[in-house]
Amino acid sequence: MLNLRETWLISLGALTVAFMLVGIFFASTGNSPFEVFYTLYRGAFGSWFSWQNTLVRAAPLMLTALCTVLPARVGLIVIGGEGAVVVGGLCSTLVGLALRDMGPFTVITAMVLTGALTGGLWIAAVGALQYFRNVNETISSLLLNYIAIAILNFLVIGILKDPATLNNPSTHAIGEANMIGNIGASTIHWGLVYGVVACVGLWVICRHSVFGFAADVVGGNIRAARLAGLPVVKILLWCCFLGGAAAGLAGTLEVAAVHGRANNGLNAGYGYAGILVAFLARHNPLAVIPYAILLGGIQASGGLMQRAHNLPDATVYVIQGIIFMVILTSELFYGKFRWLHATREAKS
Amino acid sequence: MNQDIVLEAIDIGKVFGDVLALQGVGLKLQANSVHALLGENGAGKSTLVKCLMGYYRPDSGQIILRQKEQVIDSPQQAARLGLGMVYQHFTLIPNMTIAENIVLSRPSLPAVIDWSKEIRALQSRMADMPFQFDLQRKVRDLSAGEKQKVEITKQLLLDAEILILDEPTSVLTPTEADEVLEKIHQLTRSGSLTVLMITHKFREVMRYADQVTVLRKGRFVGAADVTQVNPQMLSDMMVGGESISKPPAREAHASFQARLKISGLQVNNDQGLPAVKGLELEVNEGEIVGIAGVSGNGQKQLVEALSGQREVTSGNIFAHGEIFVSNQRSIDKHKFYCLPEEPLKNACVGNLSVAENLVLRRFNHPAFVYWRWLLNRSAIRRNAEKLIAQYKVRTSGPDQAVSALSGGNIQRVVLARELAQEVSVLVISNPCFGLDFKAVADIRGQLLAARNRGTAILLLSEDLDEILELSDRFHVISGGELVYQTTPAQADLNTIGQYMAGH
Amino acid sequence: MSGQDIGLWSVLIAVLGGAIRVGTPFIFVSLGECLTEKSGRINLGLEGNLVMGAMVGYATSYLSGSPWLGVLAAAGSGCCLGLLHALLCQHKRVNDIAVGIAMMLFASGLAFFYGKPFIQPSAPRLPSIGFGNWSDSPVVRAALDINALFFIGVILAPVMAWFLMRTRWGNSVRVVGESSDAALAMGISIHRVRLLSTVAGGAFAGIGGAYLSLYYPGSWSEGLSSGQGLMAVALVIFARWNPIYCLYASLLFGAAAALGPALQSVGIHSGYYLFNAAPYILTLAIMIISSDRKGTLGGMPGELSK
């Protein structure tokens with residue numbers, strides 16, 4: 001049973017410890033940690049410009065995080081967000097190119113559906129391999145990442161290449177008119193709304209719907225789920241599908257809202273940061289939103305940290321790595337603080 | 001006879017958190033005797049023994065070994081002092097051979113192991129052992145009885161002088177149990193061994209033990225020579241004269257409608273070998289049909305097949321004459337419910353709350369949802385509050401995680417869930433394992449009441465006494481098949497024992 | 001011989017050479033993971049050890065002038081990372097697999113961060129023995145140029161097998177990996193055994209990484225490793241946790257990974273990227289074949305399936 005007080009307290013505590021360790025890391029590079037943190041803050045949330053930067057990065061993170069969150073709720077640790085992004089982006093580009101002249105509404109709708117469908121099937125395959133052949137889903141999803149990237153490179157450099165894109169081999173463009181625009185006058189594309197809606201929607205499903213309850217049972221104890229006669233296979237595959245669909249959607253957004261075409265830029269590492277967001281959020285779709293914004297902010301400030309303090313881009317990876325490990329270690333503390341729980345019954 | 005007291009425990013106390021496991025417990029173990037340690041589940045027998053073996057340090061009291069006070073820090077030190085223990089859950093390594101298991105359990109091994117030399121040495125020592133086996137067999141291929149014998153031999157080969165046995169015969173057929181206890185008894189008589197035996201079977205105490213010590217709720221109740229007690233006295237000491245509600249009387253039933261029918265059932269185990277072979281069985285309305293047997297003869301796989309946790313290889317399960325497939329619709333239609341053993345592992349989701357577990361089968365029924373998909377959590381809560389009160393589940397509230405409850409209360413939660421509605425067929429396995437007397441009496445009362453209401457109950461149990469007490473008629477399962485059928489009134493223990501052992 | 005024959009032979013020899021050249025890091029990483037898994041723990045973070053080992057090895061070789069010192073330093077970094085992994089995982093509530101992923105990201109990030117200054121400069125490389133120097137063909141020469149670490153790896157495999165079966169410590173590892181109940185009863189410290197196995201496994205993975213930067217491909221860059229650490233985990237399953245089979249499987253993987261470049265060297269350029277996918281597809285195929293619905297794999301340490 002979710003004990004919100006405990007979750008809040010331990011999460012915040014863990015983040016505090018993480019940031020202290022990050023501060024020590026900054027100090028070890030010869031910088032004043034306070035200065036670097038201030039730069040981090042400025043680059044992430046210090047101005048409207050940085051906020052926009054942050055939110056644009058947060059949007060795909062929300063979606064790729066869901067790719068880990070949904071399977072995790074049924075007990076599978078999937079890190080295939082990267083691959084689903086690539087597959088979704090690539091396939092929706094193909095569809096977008098084919099329907100290029102049919103008007104933006106048709107194009108975008110088709111691309112969104114394709115991205116979600118193909119991404120979903122990609123991760124559903126991971127779930128199927130685990131269920132039917134007992135193949136470790138973490139390893140298989142990671143392998144599929146590499147395979148997806150290889151297929152992307154093969155097609156984009158080969159038969160799909162737009163000859164005009166010599167420097168950065170890409171497919172043909174879907175056309176300016178067909179792209180997803182920005183919200184109002186900002187530089188934030190509507191993909192952010194897709195991300196937030198996906199998180200909220202999936203939260204409602206996971207916490208308040210019959211399907212979500214069934215998923216909790218399957219993830220909690222699959223034997224009990226079978227005893228209750230629940231359709232275990234369907235639930236497992238659907239959760240994988242939904243997670244993959246979210247990541248595939250992120251791929252579509254990369255094409256339809258950012259680049260306008262599919263290229264190696266799809267392989268941007270959102271998948272891996274998404275994993276961290278998922279664990280930070282303790283696999284709660286709603287909590288994904290603030291953590292995605294936090295991680296987006298850290299990534300957004302990478303450039304500023306480089307310019308202001310001469311810290312290389314890998315700094316962001318180190319920060320993320322430290323946070324990840326502290327968060328995992330904090331799992332130890334759940335259930336240890338008796339005063340956070342209602343008094344337990346003595347064993348009868 | 002005034003023999004030396006080789007091991008004495010004085011005034012032992014042990015606390016775990018706010019649970020008082022032992023208080024003022026004493027034990028006097030005479031040399032070369034068989035001493036029984038008796039008590040119901042939760043009485044503290046395991047804790048006491050673990051203190052003797054160095055797993056725990058007692059918070060108070062002393063242990064006196066061979067007239068010298070000892071502080072026993074670790075199992076290794078206990079072994080050096082000549083104490084050896086055979087656990088209820090075996091500590092043998094399944095994927096290794098018997099020889100490897102025995103050699104590796106030696107406290108002092110050379111840095112480089114010459115296996116052929118070690119095995120030769122082992123074989124020559126085996127000549128003096130009470131039990132014989134092929135040292136190259138892998139442990140996972142052994143039966144429970146064989147594993148038990150290997151465990152005992154292992155301790156003897158480690159030169160244990162005081163052997164502690166934890167429920168040694170719980171996984172043996174009556175015949176095997178007699179064989180093992182007889183050998184143990186001989187070893188003590190020949191002057192080479194002293195035995196402390198945890199048990200709850202009066203028959204064994206009366207037949208094989210020289211002295212008995214009784215514990216209840218962590219306290220010492222009494223100790224005596226076995227010649228001076230009888231089973232009724234032992235029972236009184238164990239239970240303390242607490243009034244246990246008498247189970248409802250059995251009512252006769254007129255109809256003989258077969259509610260559950262199993263036909264030609266074959267179920268394979270994890271290794272792909274058949275664990276249940278061509279099983280045929282019928283359970284009628286308003287009767288309790290028991291299946292008795294020693295663990296490992298296919299009971300687990302049978303229950304798993306009936307509860308949908310394991311695939312059926314061939315054969316059929318019929319409920320009310322229709323083929324039964326374990327999905328929610330069929331289960332609801334035929335009111336076919338299950339109470340498997342180890343409820344936390346098999347029938348509950350530990351990290352979900354009591355309320356959620358209580359509604360595990362019905363969370364998508366109209367009573368608990370809005371618009372067919374949105375959960376009505378307040379209805380779920382109200383349902384839980386009602387059942388918690390009705391079945392007297394001790395919990396801090398409907399929102400407490402089920403894993404925080406004690407074993408007995410987890411069982412009550414599952415019982416509440418399964419019996420709270422009309423039940424037509426109930427499959428139940430080892431319901432009372434590990435529970436105290438009161439919980440056991442509760443559950444048995446519930447089962448008989450359900451039977452009287454017409455439920456067809458299939459009861460699998462490794463405790464023959466339980467089968468004899470509850471069944472209207474029962475079978476014996478051995479090697480995955482039902483080999484014998486009889487009623488409690490006509491039961492002859494010897495015959496049953498033989499069938500259990502596969503003769 | 002016709003031109004086509006030479007082409008075919010060239011490809012075969014290139015694949016053989018590639019098997020050894022590309023397979024050597026796999027030998028070390030898979031033996032390291034094998035040891036760790038024999039103790040009952042799975043370490044998915046070895047990819048991070050690999051990258052960190054590559055960076056540390058390269059940097060040390062550059063700064064000290066000795067590639068062997070680099071290998072030693074890489075082993076040391078592998079020990080530290082293994083230690084961190086072990087300390088985090090020894091608590092029951094902490095998820096081994098998640099920690100592995102976190103270590104992978106953390107160690108890679110750290111390696112990229114500290115490795116920036118070493119991307120351009122060139123460091124002394126590990127020596128090799130030219131078994132093909134009798135030939136005129138550059139392809140044969142390149143193929144049979146076998147590095148020193150390969151020989152160490154080839155000896156390491158049977159040594160590890162002997163260690164596990166015939167020494168007291170090795171058997172402790174096996175017992176802890178098979179049944180923690182038995183280990184407890186025997187008084188073996190489960191934490192200590194798993195810690196040491198993870199540390200040793202991490203060290204081997206670090207050496208594997210040093211090979212990548214100090215021999216082939218032979219320089220430090222951020223794209224150096226591409227999943228070899230993870231493929232090694234699949235390799236161990238395929239090899240049924242047997243060190244000698246780990247050796248053979250590593251060579252097999254090396255051959256698969258060398259296929260793309262080998263074909264390129266004889267002028268077959270199309271489908272290059274698809275051949276790049278070959279090792280991953282092979283790994284996935286192997287995992288699908290080796291795994292079983294019921295999850296009972298022969299040779300799997302008992303504690304791993306819990």
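Where in chain B is D159(B) found? Look in the loop between helix 5 (144-157) and strand 7 (162-166) of chain B, and you'll find D159(B) there. Its backbone is worth a glance: phi of D159(B) is near 65°, a positive value in a residue other than glycine. Keep in mind as you look around that this is a predicted model.

Let's stay in chain B and turn to its sheet. Four strands make up an open sheet in the order 12-11-14-15, with antiparallel pairing. Strand 12 (274-284) and strand 15 (322-323) of chain B sit at the edges, and each has a single partner strand, so one side of each is left without a neighbour in the sheet. Further in, strand 11 (residues 258-268) and strand 14 (residues 314-319) of chain B are joined by five bridges in the antiparallel sense. If you want a spot to zoom in on, Q266(B) stands opposite S314(B), which belongs to strand 14 of chain B. Then there's helix 9 (residues 299-306) of chain B, which packs on this sheet and touches strand 11, strand 12 and strand 14 of chain B. The direction of helix 9 makes about 60° with that of strand 12 of chain B.

Now hop over to chain A. Helix 3 (residues 48-73) and helix 10 (residues 232-259) of chain A pack at an angle of about 170°, and their axes are 7 Å apart. With angles over 145 degrees counting as roughly antiparallel, that label therefore fits helix 3 and helix 10 of chain A. Their crossing is left-handed. Among the residues making the contact are L63(A), L66(A) and L70(A) of helix 3 of chain A, along with G243(A), G244(A) and A247(A) of helix 10 of chain A. By class, the residues of this contact between helix 3 and helix 10 of chain A come to 16 nonpolar, four polar and two charged.

Helix 5 of chain A makes for a quick sanity check. At 1.5 Å a residue, its 30 residues should span 44 Å, and the end C-alpha atoms are 42 Å apart, which agrees. Right after helix 5 of chain A comes N134(A), with a positive phi near 55°.

How do the chains meet? On one side, 37 residues of chain A are in contact with 38 residues of chain C. Helix 5 (104-133), helix 6 (137-157), helix 11 (270-280) and helix 14 (314-330) of chain A each put at least two residues into the side of chain A that touches chain C. Helix 6 of chain A gives the largest share of that side, twelve residues. In terms of class, the side of chain A that touches chain C has 27 nonpolar, eight polar and two charged residues. Chain B meets chain C as well, in a contact that takes 19 residues from chain B and 15 residues from chain C. There, the chain B side splits into eleven nonpolar, seven polar and one charged.

Finish inside chain C. Helix 2 (residues 46-64) and helix 4 (residues 96-115) of chain C pack at about 20°, with their axes 7 Å apart, and are therefore roughly parallel to each other. This crossing is left-handed. Residues including M52(C) and M55(C) from helix 2 of chain C meet residues including M103(C) and F106(C) from helix 4 of chain C. The contact of helix 2 with helix 4 of chain C counts eleven nonpolar, four polar and one charged residues. One last stop is the peptide bond from Y216(C) to P217(C), which is cis, with omega near 5°. P217(C) lies in the loop between helix 9 (190-214) and helix 10 (228-238) of chain C.

Note on methods:
Residues numbered from 1 in each chain as written. Chains lettered and ligands numbered in written order. Predicted model: local features only at pLDDT ≥ 70, side-chain atom pairs only at ≥ 80, totals over all residues. Contact = placed C-beta atoms within 7 Å. Nonpolar A, V, L, I, M, F, W, Y, C, P; charged D, E, K, R; others polar. Expected span 1.5 Å × (residues − 1). Pairing = 2+ DSSP bridges. Axes fitted to C-alpha atoms, helices over the stretch in contact; angles between N-to-C directions. Parallel < 35°, antiparallel > 145°, perpendicular 65-115°, else oblique. Left-handed = near helix turned anticlockwise from the far one by under 90°.
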